[in-house]
Amino acid sequence: MGSSSLVRVSVLLIMPATTSNKPYRVGRSKTGLGLFATKPIKKGTRIIRYFGPILDSRIPEQDEIENKYLFELNGRWTIDGSVRKNLARYINHSCRPNAESDVRPRERKVYIRAIKNIEPGEEINYDYGTDYFKAYLKPIGCRCDSCERKRKKLRAEARAERAKVKARAERKAKKAGPKSATAKKKVNGKHFAGKAGRARS
Ligand SMILES: [Zn+2]
C-alpha cells in the first residue's frame, strides 16, 4: 500500500495511452515487413506522418544521398525517410491502396491518409507513384494483391487456352483416320494391362 502502489497505478494508466494510441503496428507482410492496422481506421483519417531529415537538392552532398526511402516533395526538397523512427517507411506499395500520401511541399511534410475504411489486421498501403513503379517494381513484378490477382487470372486464362488447343488437336487426330485412333487404343490397352498385372503380383 501507500506510495509504491500509487506509482504503479499511475504507470499503468500512462503506459497504455502511449503505446496503444497508434492504430497500427509493424508486422510481417509477404514482401518483408509492412504496417498493419490494429484498430478500425476511418476513411479520411491521417494515419501517420512520413518524416525524416529534409534534403536540399541544391546542396551537392545532400543531393548525393541515395536510398529507397527518399520521398521527393518537389524539385528541390526531399524527405530522407530512412531514419529508424519513421515507421511510415514500412508501408508497402499497392496499385489499389487503402491509403494515400498527402504531400505538403510548403510545410515540407507528408502524411499518410486513409482513403478507405481500414479494418484491424489489414495491411496499410499507398501508391508509390509511376516513377517508383517503373524504376523498382515493374522490373521485378509488383507483388501487391491487385497485381497478384491479375497475374492469377492471366495464368488461369492461359491454362484454359492451352486446354482448348489440346482438345482441338485431339479432335483433329480422331478425324484424321481410324488407323491412328485404333493404334492408340491398342497401346493404351497394353499399357494398362501390364500395369495391373505388375500390381497384383
Ligand atoms: Zn501492383
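Begin by selecting Gly177, which directly follows helix 4 and has a positive phi of about 155°. The model on display is a predicted one.

**Helix 4**

From Gly177, extend the selection back over helix 4, residues 145-176. How far apart are the end C-alpha atoms of this helix? They are separated by 47 Å, which agrees with the 46 Å that 32 residues should span at 1.5 Å a residue. Next, colour the helix by burial. The number of buried residues among its 32 is zero, so helix 4 lies largely in the open.

**The whole chain**

Now display the protein chain in full. Five helices and 10 strands are present. Of the 201 residues in the chain, 16% are buried. If contacts are drawn between residues at least 6 apart in sequence, 63% of them join residues at least 24 apart.

**The nonpolar core**

In soluble globular proteins, nonpolar side chains tend to be buried together. Select Tyr24, Ile47, Tyr50, Ile91, Ile112 and Ile124: these have the most contacts inside the largest nonpolar core, a set of 21 residues. Strand 2, strand 3 (46-50), strand 9 (109-114) and strand 10 (123-126) are the elements that each give two or more residues to this core.

Centre the view on Ile91. Apart from its neighbours within four places in sequence, Ile91 is in contact with Gly34 and Leu35, with Ile112, and with Ile124, Asn125 and Tyr126.

**Thr31**

Move to the loop between strand 1 (24-29) and strand 2 (32-37), where Thr31 is found. Is Thr31 buried or exposed? Thr31 is exposed, because 12 other C-beta atoms lie within 10 Å, and a residue with 12 or fewer is classed as exposed. Beyond its neighbours within four places in sequence, Thr31 is in contact with Asn92 and Arg143. Show the C-alpha atoms of Thr31 and Asn92: they are 8.5 Å apart in space, although 61 residues separate the two in sequence.

**The three-stranded sheet**

Finally, select strands 4, 5 and 6, which form an open sheet in the order 4-6-5 with antiparallel pairing. Strand 4 (54-56) and strand 5 (70-72) are at the edges; each has a single partner strand, so one side of each is left without a neighbour in the sheet. On average, neighbouring strands here are turned by 35° against each other, direction ignored.

Within this sheet, focus on strand 5 and strand 6 (residues 77-80), whose antiparallel pairing runs over three bridges. Which residue stands opposite Glu72? Thr78 in strand 6 takes that place.

Methods
Residues are numbered from 1 along each chain as its sequence is written. This is a predicted model: local features need pLDDT of at least 70, side-chain atom pairs count only at pLDDT 80 or more; totals for chains, interfaces and linings use all residues. Two strands pair if DSSP finds at least two bridges between them. Helices (H or I, at least four residues) and strands (E, at least two) are DSSP runs, numbered from the N terminus. Axes are lines fitted to C-alpha atoms, for helices over the stretch in contact, and angles run from 0 to 180 degrees between N-to-C directions. A residue is buried if 20 or more other C-beta atoms lie within 10 Å of its own, exposed if 12 or fewer, and partly exposed in between; C-beta atoms are placed from the backbone. Two residues are in contact if their C-beta atoms, placed from the backbone, lie within 7 Å. The expected span of a helix is 1.5 Å times one less than its number of residues. A nonpolar core is a set of buried Ala, Val, Leu, Ile, Met, Phe, Trp, Tyr and Cys residues joined through C-beta atoms within 7 Å.
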